[in-house]
Amino acid sequence: MADDLTTIDGCETISALFRKRVAELGDKVVIREKDLGIWNEYSWSDLGAAARSIGLGLKALGLQRGDVCSVASEINKEWMFADLGIIGAGGVTNGVYPTDAPDQVEYLINDSGTRFYFAEDEEQLDKVLEVRERTPTLEKVIIFDMEGLRKLDDEQCMSLEELLLLGDEYDKTYPETWAREIDAARPDDLMVLTYTSGTTGRPKGAMIGQRNMLYMLNVIQVAFEFGPDEQQLGFLPLAHIAGRMFYTFSPMCSCSVVNIVESLETTVQDQQEVSPTVHFAVPRVWEKQFSTVSIKLKEATAPGRFAYDKALAIGKRAAAARQDGRQLSIGLRIANFLAQKLVFKNVKELLGIDRARWLATGAAPISPDLIDWYFALGIPMYEVYGQTECTGLATTNTPDELRVGSIGKAVAGAEVILSDEAEILIRSPGVIAGYWNKPDKTAETIRDGWLHTGDVGRIDEDGFIYILDRLKDIIITAGGKNITPSEIENQLKFSPYISDAVVVGDKRPYLTCLVMIDDENVTKFAQDNDVPFTNYTSLCHTAEVKDLIGGEIEQVNANFARVETIKKFRLIDQLLDAEDEELTPTMKLKRKVVNVKYADLIDSMY
């Protein structure tokens, strides 16, 4: 590994590193993808050949260095093939969330100047065809899955299969092109556009370069020591920086395997089958796993619940000792061994984490109690922190340096300081060049090489960093009390019946809350307790469900000072998904959108 953290095995670009891995690893499996219940395997040679054919097919269509190509698809091998083909041919890959509406697709194509657009299937194709008359830079649409489209006759559209054949023909005529384009890549070249979620105003295209990503791969390796035998579960969207970093690019450094789920609906079953050895996910995933266990415990026998409670107490004592660097007593070692074998083994198998060396969480705040729970199960969980604008990670807890509740220390090669307003500032080789075609927004966010994150934090005497809240989200009540809502919200989300929550109270006399219930768990509660309802909306309006959530809120209130307690709450009575404007692609409620859209509901609590 390079001392400067911006090269790997002598390679100064992702393009060169990819070529090196394809040549060296050949038949070693890099991707497994589940299709119709069967796990299919793809080697580095398969990945290299597909990327080469796609890249050269784009060259045959007229791709020039620096041209933007967009990909709209759920996670699949074709996404990865296209991504590496585009980059290898000198293009720039822009990810489009498959949940984006046609007007969002139109904006992304026009803002990025996309020439070539990859659409997963008929659904994604329909969106781009609906807006193509208003997207003058768009030249060609390439479709991954042609099911239902075999009779499509549109000169602007072609199948991925046709593009692959075109690339193969181009390769025969110009066999030196692929190597020449890879050799032409430079560390400062733009490689990826990742559009931020845009909770305020239109999304901005973060410009990630070759050097940015090589640095990030080294950072992951230094922190967690990925190895060639590691198995990851691929389920996060590849339009998100985390999915791209862990699934598409990190195997180039670690030589590990990515197992792509059949669909988002089969993720739980697929994870049980794969049982990944290392696993990164957003807090909502970890909260859902805890909820699953909590609900099952309610159905368990009294002896079963007793055994679990005893095992959990033992696991927490053992975890606390290890975190403090203390040796476990012989008695505690034996008790913990029995707790793991007799109780937690089944829990971990249920969750599909029984082989995990470590778990990692990031992209949103998480309750420290939830991290402690995973440690008690015998699996370390490390909270990490970063942003798209620093290509992923800026701080992390590690096996050697850990403090639950913090976001760890600055990663290798990075500096993290606080401004006079306690805003977290980051300087590292991962900090991007700026936003695509938005110099004013770039100047606001990146000043003198420092990324202004918008997060308020503190740094303790040992260098561990803590997020307090978003700078713009801190609530100042009418009484002048400063309150960080995320701490309260994280505890609320620890409930198996609460999916998400937004605390309200800025310039108000007291705090209130909007709650999004966990549909599956609350539905089961209603069925078990003979609560009549017809749909999600009616479920939210039943007295029993309101009492259930009220009880959960009161439990959380007990942990806070009187001025920080929730006095009233309302349930969002619409079942939301990632296509709704209230949610980010990682299923977080957008505070500003919620405050505007549900203003009348909020006002009713005052």
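Let me begin with a term: a residue is called buried when its relative accessible area is under 20%. With that in hand, and bearing in mind that what we have here is a predicted model, I would like to start with the aromatic residues.

Searching the whole structure gives 17 aromatic pairs. One of them is formed by F375 and Y382, whose rings meet edge-to-face, with 6.4 Å from centre to centre and 85° between the planes. F375 has a relative accessible area of 12%, so it counts as buried, and Y382, at 6% relative accessibility, is buried as well. These two residues also belong to one aromatic cluster, which they form together with F224, F226, F246, F280 and W358.

Next, the charges over rings. R458 lies over the face of Y466, at a distance of 4.0 Å from the ring centre, and in another such arrangement the charged end of R508 is placed over the ring of Y606, 4.5 Å from its centre.

Finally, the cysteines. How many disulfides does a search of the whole structure find? The search returns zero, and two residues can illustrate this. For C69, the closest cysteine sulfur is that of C157, and because the two sulfurs are 15 Å apart, they are too far from each other for a bond. For C513, the closest cysteine sulfur belongs to C540, at 13 Å, which is again too far for a bond, given that a disulfide requires the sulfur atoms to be within 2.5 Å. As for their surroundings, C69 is buried, with a relative accessible area of 0%, and C513 is likewise buried at 0%.

Definitions and conventions:
Residues numbered from 1 in each chain as written. Predicted model: local features only at pLDDT ≥ 70, side-chain atom pairs only at ≥ 80, totals over all residues. Heavy atoms only, no water. Phe/Tyr/Trp six-rings, centres within 6.5 Å; stacked < 30°, edge-to-face > 60°. Buried < 20%, exposed > 50% of the residue type's maximum accessible area, 1.4 Å probe, protein only. Lys NZ or Arg CZ within 6 Å of the ring centre and 35° of its normal.
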